[in-house]
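Please work through the following exercises with the sequence and the model at hand, trying each task before reading its solution.

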Amino acid sequence: MTWRGRWWLCERQLPGGGLNGRPEKLPDVCYSWWILSSLAMIRRLDWIDGEQLRLFILKAQDEIKGGIADRPGDEADVFHTFFGVCGVGLLGYTQEAGAGGYQGLKRVDPVYALPVETLQRMGMPVWQP
C-alpha cells in the first residue's frame, strides 16, 4: 500500500470520533470495520484515536432494543451491529483484555471478520498482529 493510501485511511476519522468512507461524508459505524481492518493489516491502528471511535460506536447503540445504528440517533440494524462489534473487537476491547463491560467479545481477525478462535477451530490461517 502506498503512503498516499495509508494517509487516506487515517484521514477518515472525523472530529466526533467516527470514521467515514470518503471525504465530505458523514461518519458511519460500518467504517469502524472497513477502515480499522485495513489499518490493522498494515499494523497502524495507532494512526486513529481508538478511544474516540469506541465512544462513537457506543453512542450509536440502542440501549432499549439493542443493536447499533450507522450513527447516533438512527435506527439500529444487523449490518451496523455486526461491524460495530467487530470494530470494538479490533480496538482491543475483548474478553482477553479484561475490559469491563466487554466480557464475551472475542478477538476478531481483520481479514475474515470472524472470531480468531472460530478460524482456529476451522483450521484456517489467522492473521498475526
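Helices are DSSP runs of H or I with at least four residues, strands are runs of E with at least two, and both are numbered from the N terminus. The model is predicted, so local features are reported only at pLDDT of at least 70 and side-chain atom pairs only at pLDDT 80 or more, while totals for chains, interfaces and linings use all residues. Residues are numbered from 1 along each chain as its sequence is written, and side-chain values use heavy atoms, with hydrogens and water left out.

**Exercise 1. Aromatic pairs**

Classify the ring pair of Trp-34 and Phe-83, and then the ring pair of Phe-79 and Phe-83.

Solution. Begin with the criterion: rings of Phe, Tyr and Trp (for Trp, its six-membered ring) pair if their centres lie within 6.5 Å, and planes under 30 degrees apart count as stacked, over 60 as edge-to-face and the rest as tilted. The structure holds 4 aromatic pairs. In one of these, the ring centres of Trp-34 and Phe-83 are 4.8 Å apart with the planes at 45°, so this pair is tilted. Because Trp-34 belongs to helix H2 and Phe-83 to helix H4 (residues 78–90), the pair ties together parts that are 49 residues apart in sequence.

Next, for Phe-79 and Phe-83, the centres are 4.9 Å apart and the planes stand at 75°, so the pair is edge-to-face. Both residues lie in helix H4, 4 residues apart, which is about one turn of the helix.

For accessibility, buried means under 20% relative accessible area, exposed over 50%, and partly exposed in between, with a 1.4 Å probe and protein chains only. Phe-83, at 8%, is therefore buried, whereas Trp-34 is partly exposed at 38% and Phe-79 is partly exposed at 43%. Finally, Trp-33, Trp-34, Phe-79, Phe-82 and Phe-83 form one aromatic cluster.

**Exercise 2. Salt bridges**

Which residues are joined into one network by salt bridges that share partners?

Solution. Side chains of opposite charge can pair when their charged atoms come close. A salt bridge is counted when a side-chain nitrogen of Lys or Arg is within 4 Å of a carboxyl oxygen of Asp or Glu, and a search of the whole structure finds 4 of them. Take Asp-70 and Arg-71 to begin with: their closest N and O atoms are 2.9 Å apart in a salt bridge, and both residues are buried. Arg-71 also forms a salt bridge with Asp-74, with the closest N and O atoms 3.6 Å apart, and Asp-74 is partly exposed at 40% relative accessibility. Through these shared partners, Asp-70, Arg-71 and Asp-74 make up one network.

Another salt bridge joins the side chains of Glu-75 and Lys-65 at 3.0 Å, N to O. These two residues, 10 residues apart, are both in the loop between helix H3 (50–59) and H4. Glu-75 is exposed at 52%, and Lys-65 is exposed at 62%.

**Exercise 3. A buried arginine**

Describe the surroundings of the side chain of Arg-12, which is buried yet has no salt bridge.

Solution. First locate Arg-12, which lies in the loop between helix H1 (3–10) and helix H2 (31–41). With Lys and Arg counted as positive, Asp and Glu as negative, and His and the chain ends not counted, the nearest side chain of opposite charge is that of Glu-11, 4.4 Å away. Then look at the charged end of Arg-12, which sits over the ring of Trp-8, 4.6 Å from its centre (this requires NZ of Lys or CZ of Arg within 6 Å of the ring centre and within 35 degrees of the ring normal).
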